[in-house]
Amino acid sequence: MENQQIRRLKLVNQDTVLSLVNRVVCSNDHTAFERLLKMHQSQIRHFLRRLTAGNHAWADDLSQDTFLLAYQKIHQYRSKGSFSAWLHTIAYRLFLKSIDKVQMVCFDSELHAQNTEKNTLGDDIYAEQLMQILNPKERVVITLSCAAGMSHREIQAVTQMPLGSIKSLIQRAKSKIIKYAEQDTNKQQVQS
């Protein structure tokens, strides 16, 4: 399901996005902004849920703040990159600003043990739980790479991190996730 959303967003004609942005900037067209919001809302929310390690309330607050700020600053969008990447940048920066304000909840392995269904919702919940074992920088790069399907260069544009750091953070995040998943599998086998 997630890949379908990404494909749909990539199929959005950039000219359409640019014309909607132009209508918002030139005419203060609220309907055009609503269309932009509908096109990108689920992707930004999903991104923020991963960054907040499944804290839906925090992610939803950040998502609202992202679109409010995007509306206020839409005249600054220069179309050098995709509108989606511009929104991801805003969301990421808001996340970084809010990180000190919210205490992170420790990973609850019992919550995972209760999750026995192997469906997309269960997988999504498990993925959000896995995000809790990563630090915030690892979360952002792995989410942008895997969930949003961005290239290393696109991630660099969003995060302003050096390319080498992005590559090593992605590798480190993957290693931590694999290690945790192996330990979790072994733990489940022992309990069975």
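This is a guided tour of a predicted model, moving from the whole chain to single residues and pairs that can be selected in turn.

**The whole chain**

Begin with the entire protein chain in a cartoon view, where 10 helices and zero strands are found, so that the order read along the sequence is α-α-α-α-α-α-α-α-α-α. The chain has 192 residues, of which 40% count as buried. If you switch on a surface, the accessible area comes to about 11,300 Å², with 51% of that area belonging to carbon and sulfur atoms. Among contacts between residues at least 6 apart in sequence, 65% join residues at least 24 apart.

**Two loops**

Next, select N28, which sits in the loop between α2 (14-27) and α3 (30-51). The phi angle of N28 is near 50 degrees, which is a positive value in a residue other than glycine, and N28 is partly exposed because its relative accessible area is 42%, between the limits of 20% and 50%.

Then move along to A53, in the loop between α3 and α4 (56-73). A53 likewise has a positive phi in a residue other than glycine, here near 55 degrees. Is A53 buried or exposed? With a relative accessible area of 3%, A53 is buried, since buried means under 20%.

**From α3 to α4**

Now show the side chains of R49 and D60, which form a salt bridge whose closest N and O atoms are 3.2 Å apart. This pair links distant parts of the chain, with R49 in helix α3 and D60 in helix α4, 11 residues apart. R49 is partly exposed at a relative accessible area of 21%, and D60 also counts as partly exposed, at 24% relative accessibility. Add R45 to the selection, and you have a network of salt bridges that links R45, R49 and D60.

**From α8 to α10**

Select E138 next, a residue in helix α8 (residues 136-147) that is buried, with a relative accessible area of 0%. Which residues does E138 pair with? One partner is R172, and the closest N and O atoms of that salt bridge are 3.7 Å apart. That pair links distant parts of the chain, for E138 is in helix α8 while R172 is in helix α10, 34 residues apart. R172 counts as partly exposed, at 41% relative accessibility.

E138 also forms a salt bridge with K176, where the closest N and O atoms are 2.9 Å apart. Because E138 lies in helix α8 and K176 in helix α10, the pair ties together parts that are 38 residues apart in sequence. K176 is partly exposed, with a relative accessibility of 31%.

While helix α10 (residues 163-191) is in view, select K174, which is found in this helix and counts as partly exposed at 39% relative accessibility. K174 and E138 are 36 residues apart in sequence, and their C-alpha atoms are 9.0 Å apart in space. A search of the whole structure finds five salt bridges, including the pairs of E138 with R172 and with K176.

**The cysteines C26 and C146**

Finally, select C26 and C146. C26 counts as exposed, because its relative accessibility is 58% and the limit for exposed is over 50%. C146, at 47% relative accessibility, counts as partly exposed. How many disulfides does a search of the whole structure find? The search finds zero.

Key
Residues are numbered from 1 along each chain as its sequence is written. This is a predicted model: local features need pLDDT of at least 70, side-chain atom pairs count only at pLDDT 80 or more; totals for chains, interfaces and linings use all residues. Side-chain values use heavy atoms; hydrogens and water are left out. A disulfide is a pair of cysteine sulfur atoms within 2.5 Å. Buried means under 20% relative accessible area, exposed over 50%, partly exposed in between (1.4 Å probe, protein chains only). Helices (H or I, at least four residues) and strands (E, at least two) are DSSP runs, numbered from the N terminus. Contact means heavy atoms within 4.5 Å. Accessible areas come from the Shrake-Rupley method with a 1.4 Å probe; for residues, only the protein chains shown count as cover. A salt bridge is a side-chain nitrogen of Lys or Arg within 4 Å of a carboxyl oxygen of Asp or Glu.
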